[in-house]
Amino acid sequence: MDYTVKELLTLPEFQNAQYIGTKQSLAKNIRGITIIDSPDISLWLNGGEAILTSFFPMRNLSDQEMKEWMHQLADKKISALIVKVRKELDNIPKPVSDVCKDRNIPIIILPKEIPFIDIIYKVTRKIFNQDVEKLEYFREIHHRFTELSIRNVSDEVIIEALESLIGNPVTIYNELFKVIATTDQEVELFYESDKFQKQENTQNTIFPIYRRFVIYPKLQDRECEQIMIPITTVNQTKVMLVISAIHSGFSDFDFIAIENAATALSLNLAKKIAISEVEKKYKNEIIDDLLSGNIKDEDGIAERAENINFDLNSRSAVVVFTLEFTGKKATSVSRERYYNILINNIDYYLKNAIVRERFNQVIVIWPIHSGQSNKKKEMDNIKRTLGHVIYKFESAVKDAKVYTGIGSIADTVRDLPKSHKEAQEVLDVNALAYGQNQILSFEELGIYRLLYQFKHDNNRLKEFIPASLQRLLDYNKTNREQLIETLEMYLQCQQNVSRSADRLFVHYKTVSYRLDRIKEITQMDYEDANEMLSVQVGLKILEILRKE
């Protein structure tokens, strides 16, 4: 349906013309035709034109100037150079033929008696008729996809309509390139053979178009061209419309159909988001009531819970996620995008979870399906799945880390507020004391569960530091931090001097000397179990105060 160089050569005026070019050049589209009347003609070209010339305006150019002039035309992606050689020139200038050969531009040499005006008239009429045909086709296709949008059809119906028009399979992916819908499962899986390149001339479409070649393993590793159109809505939610050139290439008419299909999909996506926002608000209200314990009307909450597929009689645990951004300051758009990716990953591994996003956190009511009475094994299962979620997220996102807090398992719906509070406390304590632990449960907090109650009262916390440890803290010498570090390691290693020396990378006698020095300063009794417990608590308080 495009007007090509091959079709141009079928005109009677070209019956005795000489064609110099490759077979591939015959497929070049002709988007216009013009005569060169000055050396700066490239300034006025739109791209894709066939150029008529006798080289008369360039007769005074040097070889280097002629070469540069021809490169300027090639940069405009002219479709062909149609030449009549005048008496002043015996043949086509060598700089011109060299550039045409290098840049794959066909040269067509006309007999001298053929008027340029005859060719211009016929080509212009052909292109004009083709433009009228395109406008008519656009009107027809626009009406067709508008009707589909009004009928509120599914994405599957839209891409099936597009496939019937362009003759190639169509697939929709989400941002993580997970298939949403496809017309051919054989093209779902592919491997990149090169990177996407943005198409400079996007066929006057309102969507950017990216092209690349990929390999399809389900098609015997066949390599084909693939185009991708990202469809973005107002809140930056994206889907990818991908067409695989399995059966044929892409014409201008194909791009008209693709543009209209992309518009219909964009409208579909906007409608889905609007509906989703209403459903999300309703769902969030129910989740908030469950987490706050606002379940006075048991019949009412049971009916509402059923609407979000939550079984009030099931066992579950509350897990709270938060993101820490490691790169430059994250914008609100990037935050929203990263949290959406995190929620998608949670949905991927946990199909029946109840998810709520609130205050830069993602709260999940995590269902327990094991039927076990062993809560440790159930907690281990939660941690294992969390590990998969975090790994998948951080494989896709390099400048953010996921931290999670797990509340204790709620045997009834009335235990959910307690589990939620515990999960929140885990994140707070983790930030104060643990720092690098991405998966932490309430049961693992140990003594920090008690100390967390005084997190905003440093004076009260200091009251729990034993006098012996306080003497070491008051020791105003340069090696005080070294002595504190040695004492912490000694207690972490169950008061084993040899193991402490190994972990501190010092000699056994060095640790013994430091412990004697600590004892001399503080009057600590390493044999008194109660005092050593007090010192351990004091060191943990010191860790919290340092974080503060």
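Biologist: Which strand does strand 1 pair with, and in what sense?
Modeller: Strand 1 pairs with strand 5, residues 107-109, and the sense is antiparallel, over 3 bridges. Bear in mind that this is a predicted model.

Biologist: OK, and what stands opposite Ile 20 there?
Modeller: That's Ile 107 in strand 5.

Biologist: What's the strand order in the sheet?
Modeller: The order is 1-5-4-3-2, so to speak an open sheet of 5 strands with mixed pairing.

Biologist: Which strands stand at the edges?
Modeller: Strand 1 (18-20) and strand 2 (32-35). Each has a single partner strand, so one side of each has no neighbour in the sheet. As for the twist, the average is 20° from one strand to the next.

Biologist: Which strands does helix 4 lie across?
Modeller: Helix 4, residues 116-150, lies across strand 2 and strand 3 (49-53). The helix runs at about 160° to strand 2.

Biologist: Switching topic: at what angle do helix 8 and helix 9 pack?
Modeller: About 140°, with the axes 9 Å apart. Helix 8 covers residues 332-349 and helix 9 covers 375-396. Over 145° would count as roughly antiparallel, so this pair is oblique.

Biologist: Is the crossing left-handed or right-handed?
Modeller: Right-handed, for helix 8 and helix 9.

Biologist: Which residues meet there?
Modeller: From helix 8 you've got Tyr 338, Ile 341, Leu 342, Asn 345, Ile 346, Tyr 348 and Tyr 349. They meet Thr 385, His 388, Val 389, Lys 392 and Phe 393 in helix 9.

Biologist: How many of those are nonpolar, polar and charged?
Modeller: The contact residues divide into 8 nonpolar, 3 polar and 1 charged.

Notes: Residues numbered from 1 in each chain as written. Predicted model: local features only at pLDDT ≥ 70, side-chain atom pairs only at ≥ 80, totals over all residues. Heavy atoms only, no water. Axes fitted to C-alpha atoms, helices over the stretch in contact; angles between N-to-C directions. Helix = DSSP H or I, 4+ residues; strand = E, 2+ residues; numbered from the N terminus. Parallel < 35°, antiparallel > 145°, perpendicular 65-115°, else oblique. Left-handed = near helix turned anticlockwise from the far one by under 90°. Contact = heavy atoms within 4.5 Å. Nonpolar A, V, L, I, M, F, W, Y, C, P; charged D, E, K, R; others polar. Pairing = 2+ DSSP bridges.
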